[in-house]
Amino acid sequence: MKITFLGGGNMASALIGGLLERGFAAADLQVVELGEAARGALAQRFGVRAVEAFDDAALACDVLVLAVKPQQMKAALAPIAGRLGG
């Protein structure tokens, strides 16, 4: 199962860490995170793919976890409006 996280803050980090501890492969997890430092930290700490913006690989997931603050949700989802299927 491929999982993409939108947002790479504390909530996403906790979930990623838990998934990895339970046997999920780092190659099956990816994060879309705007902050360069946060992206680097996630990639280094967990070995996951961390990107600045949605690309085809980030959208090719089975589950999209929305891990951004509610007040940021509308802006965070705008780039993928109409691009999600199923």
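**Close-ups of a predicted model**

**View 1. Helix 1 meets the strands.** Helix 1 (residues 10–21) lies across strands 1, 2 and 4, and runs at about 160 degrees to strand 1. Helices (H or I, at least four residues) and strands (E, at least two) are DSSP runs numbered from the N terminus. Angles run from 0 to 180 degrees between N-to-C directions, with axes fitted to C-alpha atoms, for helices over the stretch in contact. This is a predicted model, where local features need pLDDT of at least 70, side-chain atom pairs count only at pLDDT 80 or more, and totals for chains, interfaces and linings use all residues. Residues are numbered from 1 along each chain as its sequence is written, and side-chain values use heavy atoms, leaving out hydrogens and water.

**View 2. The open sheet.** Here 4 strands line up in the order 3-2-1-4, with parallel pairing (two strands pair if DSSP finds at least two bridges between them). Strand 3 (49–51) and strand 4 (63–66) sit at the edges with a single partner strand each, so one side of each has no neighbour in the sheet.

**View 3. Strands 1 and 2 side by side.** Strand 1 (residues 3–6) is joined to strand 2 (residues 29–32) by 4 bridges. Look for isoleucine 3, opposite leucine 29 in strand 2.

**View 4. Around isoleucine 16.** Leaving aside neighbours within four places in sequence, isoleucine 16 is in contact with Phe5, Leu29, Val31, Phe46 and Val48 (contact means heavy atoms within 4.5 Å).
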